[in-house]
Structures are given as C-alpha cells and as structure tokens.
Amino acid sequence: MTSEKYEDILWEHRNLRWSARILGTIEVVFLFYLAFTEFWEEISNHSASPIITMISGQYFLAVTLTIVFFGLIIAYWKGGLGGGISLASYIVLFIGWADFHVNFILGMVLASLPSILYFTYGLTVYLELKKAERDQTKNG
C-alpha cells in the first residue's frame with residue numbers, strides 16, 4: 001500500500017478523529033481539574049495523607065477513572081489503543097458500580113463518548129487498511 005492511500009484513509013476519517021480529540025481533551029481537562037481541586041482541598045484542610053483522604057474508600061472509582069484518564073491521553077496519539085483502554089475501564093466501572101439509576105446510565109454514556117469515538121476511529125481505520133491491503137494483493 002502506498003503512503004498516499006494511507007493518507008487518504010486517514011483523511012476520510014478526520015472528522016471522527018477530531019471529534020474524539022476535542023471531546024477527549026475536554027474530558028481529560030475535567031478529570032484533571034476534579035482531581036486537582038479535591039487534592040488541593042485536602043491539603044488546605046491539613047490532611048495527614050491527602051490522597052488517601054481524598055479517595056475516602058472509593059478505590060474502585062479512583063482506579064478506573066485513573067485508567068480512563070491515561071487511556072484518553074494515550075488515545076490522542078494511538079486512537080484505537082487508548083480508546084480501547086479507556087472504553088474497557090468504563091465498561092468495568094459500569095458493570096462494577098452498585099447504584100444504577102437513569103442519571104448514572106446517561107452520565108456513563110456521555111462520559112464514555114470520547115472513548116467510543118476513539119475506538120471506532122481506530123477500528124474503522126484498521127479495517128479499511130486491511131481491506132486496502134487485501135485489494136492490493138488481489139489486484140497486484
């Protein structure tokens with residue numbers, strides 16, 4: 001496959017990639033802001049161990065959201081991989097959470113949207129690249 005064909009495939013899916021990047025960046029900034037303000041509040045209250053106090057027993061939530069955060073950062077460069085990591089973490093969070101109600105479900109769908117977009121982008125580009133390679137070997 002030529003690099004021109006590869007660039008054409010990426011160009012065809014640029015809207016999906018940029019939508020995922022914009023929403024993912026907004027979510028990363030929000031998660032960072034949330035963690036920073038909570039940590040700063042614990043420091044302002046002179047907590048002996050601010051991270052443990054900040055988490056306050058919600059280890060499952062803290063670990064899954066940390067994985068989501070790093071998955072979205074990875075997804076900026078490697079869309080399919082980071083989107084898959086982030087989406088898998090959201091699925092684990094959704095399955096493992098005990099309190100289901102409409103607001104939680106809608107919030108999870110909205111929060112996982114960048115992960116879904118990144119994963120979809122990575123998957124569609126991968127499938128189109130495989131199809132182009134298959135067509136090239138069949139015709140060439």
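A residue is called partly exposed when its relative accessible area lies between the limit for buried, under 20%, and the limit for exposed, over 50%. In the predicted model described here, Glu133 has a relative accessible area of 36% and is therefore counted as partly exposed. Lys130 belongs to the partly exposed class as well, because its relative accessible area is 37%. The side chains of Lys130 and Glu133 meet in a salt bridge, with a distance of 3.8 Å from N to O, and a search of the whole structure finds 1 salt bridge. Both Lys130 and Glu133 lie in helix H7, where they are 3 residues apart, or about one turn of the helix. An α-helix has 3.6 residues a turn, so residues three or four places apart point the same way.

Helix H7, which covers residues 113-139, also takes part in a charged region of the surface, since it gives the most to the positive patch, with 3 residues. This patch of positive charge is formed by Lys5, Lys131, Arg134 and Lys138, which gather on the surface. Lys131 is found in helix H7, and it is partly exposed because its relative accessible area is 47%. A patch of negative charge is present on the surface too, where Glu4, Glu7, Asp8 and Glu12 gather. Within this negative patch, Asp8 lies in helix H1, which spans residues 3-12, and a relative accessible area of 36% means that Asp8 is partly exposed.

Besides the charged patches, the surface carries a nonpolar patch made up of Trp18, Ile22, Leu23, Ile26, Phe70, Ile73, Tyr76, Trp77, Leu110, Leu113 and Ile116, which together have about 1,100 Å² of accessible area. Two or more residues of this nonpolar patch are given by each of H2, helix H4 (59-75) and H7. The largest share, 4 residues, comes from H2, and Ile22 is one of the patch residues that lie in this helix.

Helix H2 itself comprises residues 14-44, a run of 31 residues, and it reaches 44 Å from its first C-alpha to its last, which is close to the 45 Å expected at 1.5 Å a residue. Its buried residues are Ala20, Arg21, Gly24, Glu27, Val28, Leu31 and Glu42, a list that includes the charged types Arg and Glu. Val29, by contrast, lies in helix H2 but is exposed, because its relative accessible area is 52% and the class of exposed residues begins over 50%. The C-alpha atom of Val29 is separated by 27 Å from that of Thr124, and the two residues are 95 residues apart along the chain. Just after H2, His46 takes a positive phi of about 55°.

A further pair of residues links separate parts of the sequence to positions in space, for Ser89 and Leu65 are 24 residues apart in sequence and 7.5 Å apart in space, taken from C-alpha to C-alpha. Ser89 is found in helix H5, which covers residues 79-96. With a relative accessible area of 5%, Ser89 is buried, because this value falls under the 20% limit.

Terms used
Residues numbered from 1 in each chain as written. Predicted model: local features only at pLDDT ≥ 70, side-chain atom pairs only at ≥ 80, totals over all residues. Heavy atoms only, no water. Patch = residues over 30% accessible without salt bridge, like charges linked within 9 Å, V, L, I, M, F, W, Y side chains within 5 Å. Areas by Shrake-Rupley, 256 points an atom, 1.4 Å probe, with all protein chains shown as cover. Salt bridge = Lys/Arg side-chain N within 4 Å of Asp/Glu carboxyl O. Charge placed at Lys NZ, Arg CZ, Asp CG, Glu CD. Buried < 20%, exposed > 50% of the residue type's maximum accessible area, 1.4 Å probe, protein only. Expected span 1.5 Å × (residues − 1).
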